[in-house]
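Subject: Structure handover

Hello,

Here is the structure for your next round of work. Please load it first, then read the notes below.

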Amino acid sequence: MPTPDFIIELRKSIGHSLLWLTGVTAYVRDDAGRVLLGRRSDTGQWALVYGIVEPGEEPADTAVREIKEETGVDAVVTDLVAVTSSDRIITYGNGDQAQYMDHSFLCSLRPGGNAKPFVGDEESLQVGWFAVDDLPSPLAASTVERMAVFRDYLERREHGDRAAIFRGGR
C-alpha cells in the first residue's frame, strides 16, 4: 500500500502540511550475506525496504510486514540497529510534506519461510538479493546513508557491541 489510510484521512484535514511520521528501514540478509533491495516505482532507484508505522503497530512488526508486502520474503527482526531523526523535509510529487523518525532493523530469513523475492506490490519494479560489494545503481541517497549505518553496526557487532545507534547532541 503506497500511502497508509490514516495518512490519507489526515491529509483531508491538513492538506500538504508537514507531517511527522515514524518509519522503519529493514536490512534483510540471506544466508549468503546478500542484502534484499527493491527498485522503487516512484523514483526508479534501488532501496532498502522501508515503510511507515501504522497507528498502534510495533515498529519491528512494521518492518516484517513491509518486507513481506514489497518482496514476498518472510523475515524476522534480529537487531534494532538505530533510531534516527532527519531534519530533511521530504516533499512528494503531489506536494505532501513529511519528516521521519526512522527505526532501522537488521533482519534475517524466517526459518522455513519464503526466501525467493518477487515484486509484491505497486511500490516496486524489481526486487532481489545483492552482494554488499556489488550493489545495483542508482541507489537512493537514503539507502546509501542507511547502508553506512548498517555497515558500522555490523562491524561493531562482530566485536561484541550490539548497542543500537542513537544520535544526540547535534
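The expected span of a helix is 1.5 Å times one less than its number of residues. Keep that rule in mind for the two helices below. Note also that this is a predicted model.

**Helix 2**

Helix 2 has 13 residues, so at 1.5 Å a residue it should span 18 Å. Its end C-alpha atoms are 18 Å apart, which agrees. The buried residues in helix 2 are P59, T62, A63, E66, I67, E70 and T71. Seen down the axis, they fall within an arc of 135°, so they line one face of helix 2. The spacing rule behind this is general: an α-helix has 3.6 residues a turn, so residues three or four places apart point the same way. On the partner side, the buried residues of helix 2 pack against strands 1, 2, 4, 5, 7 and 8. G72 follows helix 2 and has a positive phi, near 75°.

**Helix 3**

Helix 3 covers residues 141–158. Its 18 residues should span 26 Å, and the end C-alpha atoms are 26 Å apart, so the two values agree. Buried here are S142, T143, M147, V149, F150, Y153 and L154. They cover an arc of only 165° around the axis, which puts them on the same side of helix 3. These buried residues pack against strand 1 (19–29), strand 2, strand 3 (46–47), strand 5 (75–85), strand 7 (97–109) and strand 9 (165–166). Just after helix 3, G160 takes a positive phi of about 90°.

One backbone point comes ahead of this helix. P138 sits in the loop between strand 8 (124–130) and helix 3. The peptide bond from S137 to P138 is cis, with omega near 0°.

**Pocket**

The largest pocket has a volume of about 1,300 Å³. It is lined by 49 residues, and the closest to its centre are R40, Y50, I90, Y92 and Y100. Helix 1 (5–14), strand 1, strand 4, helix 2 (59–71), strand 5, strand 7 and helix 3 each supply at least two lining residues. By class, the pocket lining has 17 nonpolar, 15 polar and 17 charged residues.

**Cavity**

How many cavities of 30 Å³ or more does the structure hold? There is one. The largest cavity has a volume of about 40 Å³. Its lining is G38, R39, R40, A47, L48, V49, Y50, E70 and S124. By class, that is four nonpolar, two polar and three charged residues. Strand 2 (35–40) and strand 4 (49–52) each supply at least two of them. The largest share, three residues, comes from strand 2.

Some residues recur. R40 and Y50 line the cavity and are also among the residues closest to the pocket centre. E70 lines the cavity and is one of the buried residues of helix 2.

**R29**

R29 lies in strand 1. Is R29 buried or partly exposed? Its relative accessibility is 26%, so R29 counts as partly exposed; the buried class means under 20%. Leaving out residues up to four places away in sequence, R29 touches R34, L106, C107, S108, L109, W129, L154 and R157. One of these contacts, L154, is among the buried residues of helix 3. The C-alpha atoms of R29 and L80 are separated by 14 Å, and the two residues are 51 residues apart along the chain.

Best wishes

How values were computed:
Residues numbered from 1 in each chain as written. Predicted model: local features only at pLDDT ≥ 70, side-chain atom pairs only at ≥ 80, totals over all residues. Heavy atoms only, no water. 1 Å grid on protein atoms, 1.4 Å probe; cavity = no way out; pocket = protein on both sides within 12 Å on 5 of 7 lines; lining within 4 Å. Points joined across faces, edges and corners; volume = space filled by probe spheres on them. Helix = DSSP H or I, 4+ residues; strand = E, 2+ residues; numbered from the N terminus. Nonpolar A, V, L, I, M, F, W, Y, C, P; charged D, E, K, R; others polar. Buried < 20%, exposed > 50% of the residue type's maximum accessible area, 1.4 Å probe, protein only. Arc of directions from axis to C-beta. Contact = heavy atoms within 4.5 Å.
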